[in-house]
Amino acid sequence: MTTYSSDLLRLLDQRGYIHQLTDAAGLDALAVKGIVPGYIGFDPTAPSLHVGSLVQIMLLRRLQQAGHKPIVLMGGGTGKIGDPSFKDEARKLMTTETIAGNIASIKQVFERFLTFGDGPSDAIMLDNADWLDKLEYIPFLRDVGQHFSVNRMLSFDSVKLRLDREQSLSFLEFNYMILQAYDFLELSRRAGCRLQMGGSDQWGNIVNGIELARRMDGTEVYGVTTPLITTADGGKMGKTVSGAVWLNEAQLSAYDYWQFWRNTDDRDVGRFMRLFTDIPLDEIARLEALEGAEINEAKKVLADAATAMCRGEAAAAEAAETARKTFEEGTAGEALPSHAVSAGEIGIVDALVALGLVASKGEARRLIKGGGARVDGEKVSDENLVINVGGENVRISAGKKHHGLLTR
């Protein structure tokens, strides 16, 4: 393990966030000297970010915990184009109104992880539309475009991937990396930003920004990337059978969020605690050493801590109690996803879809055929079953871990 002088790089190193650094010694010295404003960009492609963005949000939290200033950059401008990095195809273009609504919704999550305000290390949220929307094309080409080599841009993995597959890469998307580099330059001018952080897929974009700031302003800025977070079985973090694990309550219940962390692979418990919670390192070392059935207690600690941070202490406690009732007592806790059946009856296929336990009616029918659907604990074999919902709630289950309530 590398020895760092600054609290910032020591914290990032100990908790497993560092994949690449552009100038470790330079950033380390800067972080010792004073407050370092650092940013990460987020494109508002939906009303909520999902758990795949959580390592970046936590990176900003660690920056603040070490006494530095987080800058959350919302891509109100670049979001109109879409980051082509490692995507198989062009993203659908969004309207300005949709982008504004998504940004407002996403901000709610950041307020749980960061302290916003006017203080030296308080977080701020900016929108790159504030400067990108005002750019004039010819002056931008002349002043900024001259610093970019197309040959070099074609060599970046994110671009090569699309070209090697002979998939279309529009001029619009090709401009994205220039705009992201320009963001870093603008943030260094507007907010004294000296650091850009991001996932490993952003390395090329970050390096572009560092070189642009140096060439145009003579400013020394730095970059940090995180490793790609995969599960122990090689899967992508946050990809589940039932869809994305959203951070906003409106997109995913606190119970389902808690359950996602509770279902962590035994081998990932310690690593996820270091990355996604504030549990002290010595306590993590104790918990990840547990074996057999005891590791399940560590998973509950992980689920409680991660859910409390994202959804609040009360939501985490309610989710944990619902899980206890559901799995230990066989009863149904109040925090389970629910669906009100005003007509008094509903088909099993429609019920599974309405509760969000499956993504489609086709998936519901496959679940029933495979013996994975239950009504109040009884296995369902008939996909045409009609459920009567009277005074008592009816518990619907998809497999052993996903449950919901039909209410009247």
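In this predicted model, phenylalanine 272 has a relative accessibility of 3% and therefore counts as buried, since the limit for that label is under 20%. Phenylalanine 272 belongs to helix H13, which spans residues 269-276, and its ring pairs with that of tryptophan 261 in helix H12, residues 254-262, so that two parts of the chain 11 residues apart are linked. The ring centres of tryptophan 261 and phenylalanine 272 lie 6.2 Å apart and the planes meet at 85 degrees, and because an angle over 60 degrees is the mark of an edge-to-face arrangement, the pair is placed in that class. Tryptophan 261 is itself buried, with a relative accessible area of 0%.

Tryptophan 261 also forms an aromatic pair with phenylalanine 276, and here the centres are 5.2 Å apart with 50 degrees between the planes, an arrangement described as tilted. This second pair again connects helix H12 with helix H13, over a separation of 15 residues. Phenylalanine 276 counts as buried because its relative accessibility is 2%, which falls under the 20% limit. In general, a pair of aromatic rings is described by the distance of the centres and the angle of the planes. Eight aromatic pairs are counted in the model, and a cluster linked through ring pairs contains Tyr257, Phe260, Trp261, Phe272 and Phe276. Tyrosine 257, a member of that cluster, also has the charged end of arginine 311 over its ring, 4.9 Å from the ring centre. A further placement of this kind is found for lysine 107, which lies over the face of phenylalanine 116 at 5.7 Å from the centre of the ring.

Helix H13 as a whole is mostly covered, with six of its eight residues buried. The buried residues of H13 are Val269, Gly270, Phe272, Met273, Leu275 and Phe276, and the elements that cover them include helix H3 (54-65), H12, helix H14 (281-288) and helix H15 (295-311). The surroundings of phenylalanine 276 can be followed residue by residue: leaving aside residues up to four places away in sequence, its contacts are Tyr17, Leu54, Val55, Met58, Ile229, Met237, Trp261, Ala306 and Met309. Phenylalanine 276 is also prominent within the largest nonpolar core, which has 67 residues, and in which Leu54, Phe110, Trp261 and Phe276 touch the most other members. A second core, separate from this one, is made up of 28 residues, among them Ile81, Phe174, Tyr176 and Cys193. It is a general tendency of soluble globular proteins that nonpolar side chains are buried together.

A polar residue in a buried position is provided by aspartate 28, which is found in helix H2, residues 24-33. Aspartate 28 has a relative accessibility of 8% and is therefore classed as buried, the limit being under 20%. When residues up to four places away in sequence are not counted, aspartate 28 touches Tyr4, Ser5, Ser6 and Leu9. Two of these neighbours take part in polar interactions with the aspartate side chain, which reaches the backbone nitrogen of serine 5 at 2.8 Å and makes a polar contact of 2.6 Å with the side chain of serine 6. Threonine 231, by contrast, is 203 residues from aspartate 28 in sequence and 30 Å from it in space, taken from C-alpha to C-alpha.

The strands of the model were examined next. Six strands make up an open sheet of mixed pairing, in the order S1-S6-S5-S2-S3-S4, and its edges are strand S1 (20-21) and strand S4 (124-127), each of which pairs on one side only. Within this sheet, strand S2 (residues 37-42) and strand S5 (residues 195-199) are paired in the parallel sense over two bridges, and the bridge partner of tyrosine 39 is glutamine 196 in S5. Strands of a sheet pair in general through backbone hydrogen bonds, and the sense may be parallel or antiparallel.

Both senses of pairing are found for strand S15, residues 402-407, which is mostly covered, with five of its six residues buried. Strand S9 (residues 338-340) runs parallel to S15 and is joined to it by three bridges, with serine 338 having leucine 405 of S15 as its bridge partner. Strand S14 (residues 394-398), in turn, runs antiparallel to S15 and is joined to it by five bridges, and serine 397 stands opposite histidine 403 in S15.

Methods: Residues are numbered from 1 along each chain as its sequence is written. This is a predicted model: local features need pLDDT of at least 70, side-chain atom pairs count only at pLDDT 80 or more; totals for chains, interfaces and linings use all residues. Side-chain values use heavy atoms; hydrogens and water are left out. Helices (H or I, at least four residues) and strands (E, at least two) are DSSP runs, numbered from the N terminus. Buried means under 20% relative accessible area, exposed over 50%, partly exposed in between (1.4 Å probe, protein chains only). Contact means heavy atoms within 4.5 Å. A polar contact is a pair of N or O atoms within 3.5 Å; within protein, one must be able to donate a hydrogen and the other to accept it, and residues adjacent in sequence count only if both atoms are side-chain atoms. A nonpolar core is a set of buried Ala, Val, Leu, Ile, Met, Phe, Trp, Tyr and Cys residues joined through side-chain atoms within 4.5 Å. Rings of Phe, Tyr and Trp (its six-membered ring) pair if their centres lie within 6.5 Å; planes under 30 degrees apart count as stacked, over 60 as edge-to-face and the rest as tilted. A charge sits over a ring if NZ of Lys or CZ of Arg is within 6 Å of the ring centre and within 35 degrees of the ring normal. Two strands pair if DSSP finds at least two bridges between them.
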